[in-house]
Each structure stands twice: as C-alpha cells, then as structure tokens.
Amino acid sequence: MGSHGYEVVEHSAAPPDRVYDLLADATAWPRWASPTIAEGSWERVGDPPPAGVGAIRRVGRRPVFGREEILVADRPTHHAYRLVGGPNPVRHYRADVRFEPEGTGTRITWRGEFDPLVPGTGALLARVYRSFIAGLARKLAEYAARPAL
C-alpha cells in the first residue's frame, strides 16, 4: 500500500444503501459533486454491471478527467477504487470508502493511500487530497440526505 494517506469521516442522515449507490454510480457524480465534477460516465462496466468490480469510472470536468477502477463493490458497506488514469501527481493511489449505520444515518469513512511521484511531496499531497475528498464527502452526505425526487 501507499506510503502516504488521508482519512475523512463524514455523517449523512441518509441510510447506507442510498449513500453507497450515489458514490458507486459514475453517472450520479455530476448531481451530487457539482460543480467540481461536471461529467461522469462508465468507460468499462464491471461485474455486476455497471458498477461492479472491474468497472472503470470516468469523472471530472473538461478537459481534466480521472479514471478509477472499481476494486471492491460490496453494497452497501464498502466501495474501493484505484486511479488508473488522469493527471495525477501520485502512483499506486487506492481509496476505500466504508458506510456504517450511525443512528438513523450513515458514517462515511473515506481513506486513501498513495506514493508521491516526486519525493518529498507526500505530506503536502496528503493535505491536498484530504481537503478535496472532505469536500466530496460533505457534498455526498448532504445530497444523499435530500428527499428523493
């Protein structure tokens, strides 16, 4: 695993299955992660389709997109992915997102590990990733708690 990492914890008033489904579905990202993420699609479907193991999710905003391969799709408790493309200052990036019932809602724990491409930048990159993922986790938690349309 990576030599540097981060952990973000967030709470949503929504149940774990709702939070998990929003994170796992590439096409849902523009709804809950906007304006940071404006587009989301499947480059490759997984097993089971579309968001299962082996799927590649493409998310971002033109002209920059990240490509993430799904490694674990254990609905509604655990979702894991690794970066497989996009402009990244790291290698061996893996994130594990866990969804645990907490009261009537969900505790979201989002952990990531990576190796920096440039030696000596790991601590700075960990802070940048933590801040970025904290924003995503907050948006996910808030959107999931909205009444379904």
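This text follows strand β5 and its neighbours, then the pockets, and last some backbone features of a predicted model.

Strand β5 covers residues 78-85, and six of its eight residues are buried, so the strand is largely enclosed by the rest of the structure. One of its partners is strand β4, residues 64-74, which runs antiparallel to β5 and is joined to it by seven bridges. Within this pairing, E69 has R82 of β5 as its bridge partner. The connection from β4 to β5 is a hairpin of three residues.

Strand β6, residues 90-102, also runs antiparallel to β5, and five bridges join the two. Here A80 stands opposite D96 of β6. The hairpin of β5 and β6 has four residues between the strands, and in it G86 takes a positive phi near 110 degrees.

H78 belongs to β5. Its relative accessible area is 9%, and because buried means under 20%, H78 counts as buried. Two polar contacts of its side chain can be followed into the surroundings. The side chain of H78 meets that of D96 at 2.7 Å, and it also makes a polar contact with the side chain of R98 at 3.3 Å. D96 thus appears twice in this account: it stands opposite A80 in the pairing of β5 with β6, and its side chain makes a polar contact with H78. When neighbours within four places in sequence are left aside, the contacts of H78 are Y20, V72, A73, D96, V97, R98 and F99.

The strands also contribute to a pocket. The largest pocket holds about 490 Å³ of space. Its lining has 24 residues, and those closest to its centre are G66, E68, N88, Y129 and F132. At least two lining residues come from each of β3 (56-61), β4, β5 and α3 (122-145). Helix α3 gives the largest share, six residues. By class, 17 residues of this lining are nonpolar, five are polar and two are charged.

The second largest pocket has about 160 Å³ of space. Its lining is made up of Y20, D21, A24, D25, W42, P48, P49, P50, A51, G52, A73 and R75. Three of these residues come from helix α1 (residues 16-24), which supplies the largest share. The lining divides into eight nonpolar residues, one polar residue and three charged residues. Y20 and A73 line this pocket, and both are also among the contacts of H78.

P49 and P50, two residues of the lining of the second largest pocket, are joined by a cis peptide bond with omega near -10 degrees. P50 is found in the loop between β2 and β3. Another cis peptide bond runs from S34 to P35, with omega near 0 degrees. P35 sits in the loop between α2 (29-32) and β2 (39-44).

A further backbone feature is found at H92. This residue has a positive phi, near 60 degrees, although it is not glycine. H92 is placed in strand β6. Its relative accessibility is 55%, so H92 counts as exposed, whereas H78 in β5 is buried.

Key:
Residues numbered from 1 in each chain as written. Predicted model: local features only at pLDDT ≥ 70, side-chain atom pairs only at ≥ 80, totals over all residues. Heavy atoms only, no water. Buried < 20%, exposed > 50% of the residue type's maximum accessible area, 1.4 Å probe, protein only. Pairing = 2+ DSSP bridges. 1 Å grid on protein atoms, 1.4 Å probe; cavity = no way out; pocket = protein on both sides within 12 Å on 5 of 7 lines; lining within 4 Å. Points joined across faces, edges and corners; volume = space filled by probe spheres on them. Nonpolar A, V, L, I, M, F, W, Y, C, P; charged D, E, K, R; others polar. Polar contact = N/O pair within 3.5 Å; in protein donor to acceptor, adjacent residues only side chain to side chain. Contact = heavy atoms within 4.5 Å.
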